[in-house]
Amino acid sequence: MKSVPRPLRKNSSASFAGVSYEEAIERARKLVPALRSRAAAAEAARTMSAETIADLHASGVVRSMQPKRWGGMEFDYVAYVDFPLELSRGDASVGWNLANLQIHDWMLALYDERAQEEVWGADPDALIASGIAFPQGSGRRAEGGFLVSGRWNFSSCSNIADWDMLAVTVKEGERVVDHRMCLLHKSQYQIVDDWKVLGMRSTGSMTVVAKDVFVPEYKALCMYDTRGGASFPGARTNKNPAYQVSASALLGHGIGACSVGNAQAALDLTIDAVKQRSTNYTGAKMRDFQAVQLRIGAAGARIDAARLILRNDCIEGQEIARRGQVADTLKKLSWRRNLAYAVNLCTEAVDSLHAMAGANGIYESYPLERIFRDAHSLAGHISFSFDAQGSAWGLAALGGEISNPTL
């Protein structure tokens with residue numbers, strides 16, 4: 001694996017517990033111009049730059065969903081949409097990585113206190129990646145924990161992370177008995193440098209391989225305890241309702257928010273270009289064409305709708321948790337449906353705006369070219385397949401049976 005420059009974490013003992021939401025969002029917003037200027041180089045290097053990693057640490061945004069008791073901001077669950085969305089206006093890959101790092105902090109808060117102490121007690125700035133496909137990991141019970149093996153692809157941030165949460169299907173013989181997210185240190189797995197892709201190139205979403213690694217029970221979170229409510233081990237110390245949100249139903253909303261920020265960047269860049277541009281053949285101003293006005297208007301409406309959908313789902317999920325309730329299956333499936341629909345709206349917006357760029361849109365030097373590739377690359381995530389997510393909600397709404405043990 002190619003080496004990644006690791007900046008000195010000068011703020012490793014800093015606490016961000018007193019930072020307000022407005023201040024933190026402003027810090028994220030101020031990073032956008034630098035991220036945009038670094039995007040091309042990050043693509044070429046296939047990793048976030050050391051400067052960007054340092055900025056995420058120094059601003060504290062990377063710890064926006066970490067419990068305050070560990071020096072984090074402990075914001076409401078909607079932060080999982082708001083912060084990646086902002087950074088994706090500069091570079092969707094950075095927004096994607098932030099979303100992953102945020103939600104893995106959120107997930108670690110669900111683990112047994114011993115796991116939190118092992119990670120954050122040693123380094124509150126520790127970065128955590130994940131491999132989320134349960135069929136890719138296998139486990140069997142051993143005394144005091146599990147023996148885990150597997151090969152997990154698309155493990156975003158794995159090239160910069162200190163830890164990885166790996167999804168494991170636990171079997172007794174051929175019978176599935178459990179689904180666990182097993183926390184492994186980087187010394188316990190190998191990284192395959194295979195992330196050579198169309199877009200989202202600097203996310204470092206490489207393949208992680210582990211073989212017969214022992215994971216103690218306290219570092220193997222049972223996903224049945226994360227379906228909503230306070231049955232997870234970390235609830236004894238992390239009592240904020242933000243941590244009681246139904247996990248698998250809303251785990252994709254932050255990475256989905258990257259499509260909104262990416263599309264917003266496309267809209268902003270297009271508006272700037274149209275304001276300055278006349279057609280090459282007639283000299284007419286592009287902004288005076290009604291077709292251009294309609295494309296701009298439709299793209300803006302799609303992006304705004306997607307933002308509102310994702311934020312509303314997260315707010316609703318936390319409000320249900322605050323009332324001490326757990327969302328029913330139909331509601332959980334509606335959140336998954338909404339996520340896929342929102343991302344599709346943003347892909348449509350980017351496609352429409354990219355088409356307006358004409359021949360300029362094929363040049364690598366034109367920012368919309370990368371935004372277009374990123375939009376279609378991130379849209380390939382299974383969480384964003386409306387065929388899969390829309391049909392599941394439709395089946396449930398029509399009285400059909402849904403079999404998903406982690407939901």
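Where is glutamate 74 found? Glutamate 74 sits in the loop between α2 (50–59) and α3 (79–88); point 7 returns to this residue. Some notes on the rest of the chain come before that.

1. Basis of the model. This is a predicted model, in which local features need pLDDT of at least 70 and side-chain atom pairs count only at pLDDT 80 or more, while totals for chains, interfaces and linings use all residues. Residues are numbered from 1 along each chain as its sequence is written, and side-chain values use heavy atoms, with hydrogens and water left out.

2. Confidence. The average pLDDT of the chain (the predictor's confidence in each residue, from 0 to 100) is 95, and 95% of the residues score at least 70. Over residues 1–11 pLDDT stays under 50. For that stretch the model has 30 contacts (heavy atoms within 4.5 Å) beyond four places in sequence. Where pLDDT is low, the predicted coordinates should not be read in detail.

3. Overall form. The chain holds 11 helices and 8 strands; these are DSSP runs, with helices H or I of at least four residues and strands E of at least two, numbered from the N terminus. Its C-alpha atoms fill a box of roughly 80 × 55 × 40 Å along the principal axes. The radius of gyration is 21 Å, which agrees with the value near 22 Å for a compact globule of 407 residues. That radius is taken over C-alpha atoms, and the globule rule is 2.2 Å times the number of residues to the power 0.38. Among contacts with a separation of 6 or more, 76% join residues 24 or more positions apart.

4. Burial and cores. Of the 407 residues, 56% count as buried; buried means under 20% relative accessible area, exposed over 50%, and partly exposed in between, with a 1.4 Å probe and protein chains only. A nonpolar core is a set of buried Ala, Val, Leu, Ile, Met, Phe, Trp, Tyr and Cys residues joined through side-chain atoms within 4.5 Å. The largest such core has 100 residues, and those with the most contacts inside it are Tyr77, Phe83, Trp106, Leu108 and Leu183. Apart from that core lies another, of 14 residues, including Val170 and Tyr189. Leaving out residues up to four places away in sequence, tryptophan 106 touches Met65, Tyr77, Ala242, Tyr243, Val245, Ala247 and Leu251.

5. Helix α4. Is this helix enclosed by the rest of the structure or open? Of its 17 residues, 17 are buried, so α4 is largely enclosed by the rest of the structure. Helix α4 (residues 92–108) should span 24 Å at 1.5 Å a residue, and its end C-alpha atoms are 24 Å apart, which agrees. The expected span is 1.5 Å times one less than the number of residues. At the start of α4, a side-chain oxygen of aspartate 91 comes to within 3.0 Å of the backbone nitrogen of serine 93.

6. Helix α7 and its surroundings. Cysteine 258 belongs to helix α7 (residues 253–276) and counts as buried at 0% relative accessibility. Beyond its neighbours within four places in sequence, cysteine 258 contacts Pro84, Ser88, Ala92, Gly95, Trp96 and Leu378. Its C-alpha atom is 8.2 Å from that of alanine 99, although the two are 159 residues apart along the chain. Histidine 253 also lies in α7 and is buried, with a relative accessible area of 0%. Its contacts beyond four places include Tyr80, Asp313 and Trp335. Isoleucine 309, in helix α8 (residues 290–322), is partly exposed at 21%. The C-alpha atoms of isoleucine 309 and histidine 253 are 9.7 Å apart.

7. Positive phi values. Glutamate 74 has a positive phi of about 50° although it is not a glycine, and this residue is buried, with a relative accessible area of 19%. Cysteine 157 has a phi near 75°. This cysteine is in the loop between β3 (145–155) and β4 (163–172), and at 0% relative accessibility it counts as buried. Glycine 358, just after α9, takes a positive phi of about 60°.

8. Helices α9 and α10. Helix α9 (residues 329–356) reaches 41 Å from its first C-alpha to its last, close to the 40 Å expected. Helix α10 (residues 367–378) reaches 17 Å, close to the 16 Å expected. The buried residues of α10, among them Leu368, Ile371 and Leu378, pack against α1 (21–45), α4, α7 and α9.

Technical notes:
A polar contact is a pair of N or O atoms within 3.5 Å; within protein, one must be able to donate a hydrogen and the other to accept it, and residues adjacent in sequence count only if both atoms are side-chain atoms.
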